[in-house]
Amino acid sequence: MAAAAAGLSWRRVSSFTGPVPRSRHGHRAVAIRELLIIFGGGNEGIADELHVYNTVTNQWFLPAVRGDIPPGCAAHGFVCDGTRILVFGGMVEYGRYSNDLYELQASRWLWKKVKPQAPSNGSPPCPRLGHSFSLYGNKCYLFGGLANESEDSNNNVPRYLNDFYELELQHGSGVVGWSIPVTKGILPSPRESHTAIVYCRKDVGSPKMYIFGGMCGCRLNDLWELDIETMTWSRPETKGTVPLPRSLHTANVIGNKMYVFGGWVPQSAGGEISAPNGEWKCTGSFSYLNLDTTEWIGLISDCQEDKSNLLPGPRAGHCAVAVGTRLYIWSGRDGYRKAWNNQVCCKDLWYLDTERPLAPSQVQLIRATTNSFQLKWDEVPTVEGYLLQLHADLPVPLVAETPGTGIPETSVLSSQGSSECSLHQSPQSVPSIPYAEMKVDHPSQTNNLIPNNVQVALSSSSKVEGKEKVAAPENKVTQETMKNHTDATGFKELNAPSLLPVCTSSSAQTSPNVAELHDLDKQSVNPDASVSSTVSSTQTMVTQQAVKTESSSTNGAVVKDETSLTTFNSKSEAAETAYVTPSTRVSTGQTNDSHSSRAPQRLPAPVKTRDRRWYDVGIFKNNSAVVSQFYLLPEEMLNINSKMEGADVPDYRLLKKQDLFPGTVYRFRVAAINGCGVGPFSKISEFKTCIPGFPGAPSTVKITKSVDCIHLSWEPPASPSGNILEYSAYLAIRSTQLQENPSQLVFMRIYCGLKTSCIVTAAQLSNAHVDYTSRPAIVFRISAKNERGYGPATQVRWLQGKVTVTHS
């Protein structure tokens, strides 16, 4: 099957920086998040360096390793457990093999030689190469390999192995010891240079180890299965065409598929495979085994020649690593030149996206103005770009020609009928989701790799529980005061709008902040990591004596009296949830970075449900965008779009653009793009452009902890739009309403005045609600008021770590 027919899109990495390792074979590689870590191998001598490739920045680097640095080795065992890597055995020089075990703590680039206990029922593994070394849970499984029968390394007497060992690991660092499990069934035949993977179905069944191929004097293509729970070996029946016998190939699990690439295969002539002792060659064949159905699917055949350089060339002894759903292949040998008596090694790095990318997180608002949004969303690993779309309720377009350009400009957005400047989220259409994890890391927990004075950022912005970050230990990294990471709708704990209208001045400014502060003595919030709060046409005021309801006012504060508690309910928007237009398929490379200075006209025409459509904002390389316009498709394209999924979109440069309007609601969704195409769209977020005149959000919030209280301070809004008359600070508190509806926080006003600071007493904190939507946190909100009323609220999540707040 041709690669194109199989839907494959291999990409060769042509642009990279840093010290590129010399080409080789017999090396091994693992992935820690987006980092490829490569060790060992040989080509004109055995390599002993540790190389790292950052798949996001396309940068190679050599970390400064220390400790018990192992000698170079080839055809060794190499597995990754969190951020530690284990190396076992391999060839350390010609004819001399190893059975040493080393551990690398990648969080500190620290090597340590470990000495596991010998098994109680036999001898420890003998020195070997070409074995498989597989990890599942807290155990590594060692199978087979090649040993030297002779004690003289110059007199190599090969002995193929099929012994099976289990290595128990200690949590975090170190090992317990070897054991020889008692297995049932027939043990696979002796072999080396085979592959072994472990797979466990999500729905049913126990973990299984699969061994494929290898070498034992001739090459093999048999498949063996070990049930790890019962320790039973079997030969599963397979469907489809089994790949040719091979050794020095690679096998990687992505999803429910085991992808097998390359290796040495018998030379075929006229469709006949040569005898076991006949000619053999490197192959570039590519297949996968569906591990749920045990069916082989061929993607690139053994006889397929690719002269267009669109596919990785034939190779053996290469390395292959899965990063998310992307498969990377690097180096390996591509043949044997008898006249030169040396191996010819590849120098290329390739990757293949095996599946469409996952849906990104909801779009998050950083800043809103009267005619633009600054947006962001969580990164999706291994993607090439993001398609951002907005939803606007458009009547039949009116086309006006821009003077002097000949380019028509359409001004068709209608008002939503509400003058508050806001973002909001319909409970029916956009379910509330937990906060993304954000915290302040200690310097020892930094996730920045800084090799050779060049910073290499990891994609994960916070420490993953139970796992260390990968870091270069020799470089000092300043402590981050907060993570520039915000939620999708301003305040994710609410399905309903927030306590204050969200309005900013017409100029770009800092709008409401959503940040998380760790329970440290003093931290500050970066105002640029801001997210607007939400607003609704209906807000419920709860006092300690009675409950009353009032509508929110555009030009007044919501909290108009001395009410001590506030909670909010949004209007029903069931009528707004009946539409989702099919996504459009687009070609990558275009971004929306232009801004129109022409003031859009507002049309009062009514909007019908059938006219509600999704429009492309553009394709963006990174996970952020400034949106002031979107693209209008011709009516005939919209008609096609409404009927067909994946319809092609014309070149963006040929399309008309529409400016955003003040005080208008827009819905956003985003999809990631990789070599397989456009993935599913995110959940929908809903934001509203602002109306001039209201103050911006307070910024640079600081929390200083004392023995019996905390000191809360902030900076005035960057754009006050007049004189600030007062500030209000609120604390989320426990209440019976929270028990009935955990997604609706209840706030108590703890300060009202002109000062930009206040004291939060221990008594007030004892009544605080601890929000568990992500990390445990106490939630504050601060807003400013001018002559027109209260502006947007700044929300701060004060991370608690181990919760110390007592519940009375």
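Two strands pair if DSSP finds at least two bridges between them. Strands here are DSSP runs of type E with at least two residues, and helices are runs of H or I with at least four residues, both numbered from the N terminus.

Before you click, some ground rules: this is a predicted model, where local features need pLDDT of at least 70, side-chain atom pairs count only at pLDDT 80 or more, and totals for chains, interfaces and linings use all residues. Residues are numbered from 1 along each chain as its sequence is written, and side-chain values use heavy atoms, with hydrogens and water left out.

**Stop 1: the whole chain.** Colour by secondary structure and you'll have three helices and 59 strands on screen. Of the 808 residues, 57% are buried (under 20% relative accessible area with a 1.4 Å probe, protein chains only; over 50% is exposed, and in between is partly exposed).

**Stop 2: strand 55.** Select residues 757–761. In a regular strand the side chains alternate between the two faces of the sheet. Here C758 and V760 point to one face and are buried, while S757, I759 and T761 point to the other and are not. Now add residues 709–715, which are strand 52; the pairing with strand 55 is antiparallel, over five bridges. Who stands opposite C709 in strand 55? Look for T761.

**Stop 3: strand 45.** Jump to residues 624–627 for another alternating run: A625 and V627 are buried on one face, while S624 and V626 point to the other and are not buried. Strand 33 (residues 373–376) pairs with strand 45 in the antiparallel sense over four bridges, and L375 has A625 as its bridge partner.

**Stop 4: an open sheet.** Five strands lie in the order 6-10-9-8-7, with mixed pairing. Strand 6 (66–67) and strand 7 are at the edges with a single partner strand each, so one side of each has no neighbour in the sheet. Show strand 8 (residues 84–93) and you'll see strand 7 pairing with it, antiparallel over five bridges; D81 has R84 as its bridge partner in strand 8.

**Stop 5: the second largest pocket.** Its volume is about 1,400 Å³. Select A29, V30, F78, A251 and N252, the closest to its centre of the 47 residues that line it. Elements giving two or more residues to the lining include strand 2 (28–32), strand 7 (77–81) and strand 19 (250–254). A pocket is an open set of points on a 1 Å grid over the protein atoms alone, where a 1.4 Å probe fits, with protein on both sides within 12 Å along at least five of seven lines; lining residues have an atom within 4 Å of a point. The volume is the space filled by probe spheres set on the points, which are joined across faces, edges and corners.
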